[in-house]
Structure formats: C-alpha cells, structure tokens
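Me: I am new to this structure and would like a close look at a single part of it. Please take me through one strand and its surroundings with care.

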Amino acid sequence: MQRYAINILLCAAALILVGLAHAGKLDGYVLHVITLIGINCIFALSLNLVNGYMGEFSCGHAGFMCVGALTGALLSVALFTDSTLFGTAIFASHWAPFLFPLVLIGAMITAALAGLIVALPSFKTRDDYLAIITIAANLIIISIFNNIDAIGGPRGFLGQQQTINAMSNFIKLPWMLIWTLIGVFICVIVIRRLMTSTYGKGVSAVCQNEVAAEMMGVNTNRVKIMAFMVSSGLAGLAGVLYAHHIDYVNPKSFDLLKSTEGLVMVYLGGMGSITGVLMAAVAFTLLVESLRFIIPMLNNGLHSIGLLPESYHLDQKWAWVFIPLMLILLMRFRPEGFLGNRELTHVFPRLKRWITLK
Amino acid sequence: MLRVSNLKAAYGKIEALHGISFHVEKGEIVTLIGANGAGKSTALKALMRLPPPESPTVTGGDITFNDVSILGMPAHRIVHDLKMTLVPEGRHIFGNLTVMENLQLASWSRKGEDTDKEIQHVFDLFPRLAERAKQRSDTLSGGEQQMLAVGRALMTKCTVLLLDEPSMGLAPLIMYDMFRTLKRLNTEGLTIVVVEQNAHLALKVADRGYVLDTGKIVAEGPAEELLHKPEIKAAYLGG
C-alpha cells in the first residue's frame, strides 16, 4: 500500500484538477497552461526515449508530432463531425467520448510508421549523421503538409475541436484536460515498462556501446528501430492532443523551433530520467508562459529608467533570446540537467518507500 | 568446427585480407599473430560482422561453422545461435554501469534464465571483479576492465570465444594472469581464438598458430614449432 502512495497521490491530484476545472474554479488561461504542460510532458518524454535512453540524437522530433496532429485531426473530423472535406460524420457525435481513443491510437500508429520510414534508412548511420537526417525528416514532413492544399496547406487545418465540444455537449466535463492527463499517464507507464523490460536493457546496452551490445546478442538494429517507433508514436500522441487543444494545426507549429523546445526540456531534466524530464517540462512551460508577462514588465522597466530608446519595444520575439540563453547557461553550469540520468528516487533514496515507478 | 577458406575482406576499395584460410577445432586455442596492419583484427571482425561502420566487407571466400556457412548471418545471431562471441579490441565495456550491471546486461541473449551461477563463475575466475562488483566500471583499471570484458563475453554462455588483443595496455604480470585464465577456461572446454601482438606469450598458451603478414598467412603450425622457427623468431619474437 505504502509503495503505491505516490501513484494514488498523483491520481488524486489529477482528479482534484479535473474537479476544479469542472467546477469552473480554474481560469481559462490556467487550464490552457496546464493542458500545455501535459502535452509538453508527453513530447519531452517521447524524445527522452531516443535522446536520453538510447543515446542517439534526434533533432526533428516535432515532425512526428506533426504527423500525429494531422492524422488525429483528420480522423477526428471524419469520424465525429460533419464537414465539407469528409461529408457527414461516421459516428453520431454522442459516441465521441467513447470512441475518441480510436483517434489517439490512429494518430500514434501513423506517427510510429512515419518513425519507421525515417529509421529504416537512417539507422545505418549514427551520431551527427542521424541528427542531420532527423532535421531533414522534420523539414520534409512540414513541407509535405504545406503542399497538400486539400487539408489547408500553409493555412492550416481546423475543426477538430468540435469533437471535444461534442463530448462536452454529451457529458459536461473538462474533456481536453482529462484526455491530456490520461495521455501523460499512458506515456509514463509505456516508457517505464519498456525500459524495465529485456528490450529496455537492450536499449541501454545500445546506448552504452553498440559493438558490445551486438556481441552479447542484442539485435541492435531492431532494438533501435523499435525504440524509435515507440518514441515517434508517443510524439504523435502529443501531437493529436495539441491539435485538439489549439483547434488549429498549422505546419509552422511543428518546425525546428518546436523540436528545439523538446531538446531543451530533455537536456534541462537530465537525459534518461523520467522524473527529471517531467520536472523540466513543467518548469519549461511555466517559464515560456511567464515570459509573456516578464517581457512587457522588462520593457516598461527599461523604458522608465531610460535604458531603451523610446522608438524600440521589447516584444515576445525576445522569448527566443532568453530560452536559448537558458540552454547555453545550462550547458555551461549544469550539463547533466536537473537530475542527470538518475530518477528522483536515486537522488532521494527515502522516496523509494513511497514509490514504485513500474 | 570453425573453418575459414580463402577469405577476402576489404574496407571500401582497399583489400585488407587477400584470401586467408584457417580452421579451429573444438577445444583448441588458436592464435593469429603478426605485425601491425597484418590483418589479424580484420580477420576476427570479418568472422563476427559487427554493425556496418566497424566491419570490413567480405569480398570472397567462405566461413563455415560446423559445415554451415555463416556469411550473411548478423552478429547477434552468431552470438545467440552459435554461441560464439568476441571480446573486441579496446574492451568496449559499459562505462556508466557497475561491474555487476555489466555482467547482468550481458546475459541479455538468454532472457529469463537464472544467471547467478554464471556471475559466480566469472567472480571465481576474476576475484578482483567480485571486490569491485558495485563500482562503476569506467573507474576500473585497464586490467580489471579487460577482465570485465572477458567476463561479460562468458555471460553469453559462449562455447567459442574470440579475443582481439587481450594484452593491449596491460602490465606484464596482469597479462600473464589473463592468459593463465584463458588457459583455465580452455581446460574447462572453451574453444579460444586469440589475436595477439605479443606473439611469444600467445604461442606459449596456444595449441596452434597462424602468422599473418600484409593480409596473407605466411606460416602455420603447432605453436611449439612456430616458437622455434628461426625466421619467426627473428621477425616476431625479438631474436
């Protein structure tokens, strides 16, 4: 019982969160930020599987998020809403709360297949070369999306939030938050189970030394491709949730900047640490959101003491000066991130009594 | 049981082995000796076929294990199905993990089996590893790392062990210890193929030897005989 304390606590916290949102106690913006944190958690955890546990360097993970977002959005619109693109809905809208997992699973599978297509040729190479290939894959995916006019092209695709609205019409609950929380739990469980399995041991061996891994009978190629597929599938899950949350999938939302955000979260948290990456995803999202308030304050402050010329105003673009700056400082002063390859239970062994991370 | 016939191997366009033939019988210790660049390591790598960047491509000849060709068999299958494994040059231990974790991870190919007995066996062979079981393996000395590399290979329950320069970077005493242990493993039934710079030491332990020079076998025979051949003495054994 004691060992499950944290799990129960987390479930309780999730229920309270949902309860608060349902009672309308949470401001719309707060709810938005919480959902965003959840999505970022999934995205960062999925990237952590490749960059942290497997020790390869994927730079274009947002591409798989994009695949997931797009497929999810299309599926959602086709299944549950009347649209000009797909005609009438396949299922009546009151089925939405029960059949929404179909959308999630469809998006994950498609994203995983996209991962397979990228992995097959690129895992003949390693290190820097893999990084370059994944950047290219990211660009290719966005470019494909940009050029399919039927789904909006560069204008983006929208309408999938109607599915969430349909759920709310059926039973009034904060559905977006619920699905995001479920997504985070699934993501943590999948990665945790995977890494404690024999396959996971193979992934660690590949990370440490590929030659040695092969010499002890690990099919390194298969292990790598499988881990990459799971990782891109989970990124797809982040994507489909993002698409439904923002109600607008635009190829630009999944460019290299988004991939970089993922990298920042993984390196901030510590590679190969689930708890570290979760902490980092929360901290990073809050930081990005807080810059929305800090930058105008900084702007006013600097103007009032006359450090900035009247004609120039600090705007939100400066967020992308502060965030990379944080990455530079991180690499200089704490290159291993918050926890650095260790879980919270390793840093504070006493926590072990309260947690089973399985 | 392991037979290499007229094997040719190349790195890109450069041919490193120009058709070598040798065979290894069950329970033997066979050594390949020769100068730097003679193709000893290439021969072992061609046998195991490591993942692409490390490995030469086999351009001719055949390798058979119990009369079945193993060309085109990926390395992990060779380890898993044929029980043949390689201790690569430069040890390649898992530096981030402890000694114990290294050994546990090495039993990967035998999912779910009880591995305590094998770990105990490795600790019997190398008592130093038992003392350091909980230590991170990149903090071990060179000799201890080599012991760990051999121990890890044994964890795959191999029956044929290939070693690439096990004496590299070791102090003479540790080197002798290592070869004594190899001899002991051999008497326990392990077939060993060892590639070695230190020709004298290798020939002392081995049953038979092959001398390689620029990708060809220039001499072969029982180790005792090679040790006393004048031209080999002059070229590889320092007079």
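**Strand β7 of chain B and its sheet**

Reply: In β7(B), B:Leu161 is the bridge partner of B:Thr85. The model is a predicted one, and this pair of residues is a convenient place to begin reading it. The two strands concerned, β6(B) and β7(B), run in the parallel sense and are joined over four bridges. Turning to the neighbour β8(B), which covers residues 191-196, one finds that β7(B) pairs with this strand as well, again in the parallel sense, over five bridges. Here B:Val160 has B:Thr191 as its bridge partner in β8(B). Between β7(B) and β8(B) the chain passes through helix α7, residues 172-187 of chain B, and the β-α-β crossover made in this way is right-handed.

As for the strand itself, β7 of chain B spans residues 160-164 and is mostly covered, with five of its five residues buried. Its side chains can be followed in two sets: B:Val160, B:Leu162 and B:Asp164 point one way from β7(B), while B:Leu161 and B:Leu163 point the other way, and all are buried.

The wider setting is an open sheet of six strands in chain B, which follow one another in the order β6-β7-β8-β3-β9-β10, with mixed pairing. At the edges of this sheet stand β6 and β10 (216-222) of chain B, and because each has a single partner strand, one side of each is left without a neighbour in the sheet. On average, and with direction ignored, neighbouring strands of the sheet are turned by 15° against each other. In general, the strands of a sheet pair through backbone hydrogen bonds, in either a parallel or an antiparallel manner.

The edge strand β6 also leads on to the other chain. In all, 24 residues of chain B are in contact with 18 residues of chain A. On the side of chain B that touches chain A, the elements giving two or more residues are α2 (75-82), β6 (84-87), α3 (99-106) and α6 (142-154) of chain B. The largest share, four residues, comes from α2(B). Sorted by class, this side of chain B has 14 nonpolar, seven polar and three charged residues.

How values were computed:
Residues numbered from 1 in each chain as written. Chains lettered and ligands numbered in written order. Predicted model: local features only at pLDDT ≥ 70, side-chain atom pairs only at ≥ 80, totals over all residues. Contact = placed C-beta atoms within 7 Å. Nonpolar A, V, L, I, M, F, W, Y, C, P; charged D, E, K, R; others polar. Buried ≥ 20, exposed ≤ 12 C-beta atoms within 10 Å, placed from the backbone. Pairing = 2+ DSSP bridges. Right-handed = clockwise from strand over helix to strand, strands pointing away. Axes fitted to C-alpha atoms, helices over the stretch in contact; angles between N-to-C directions.
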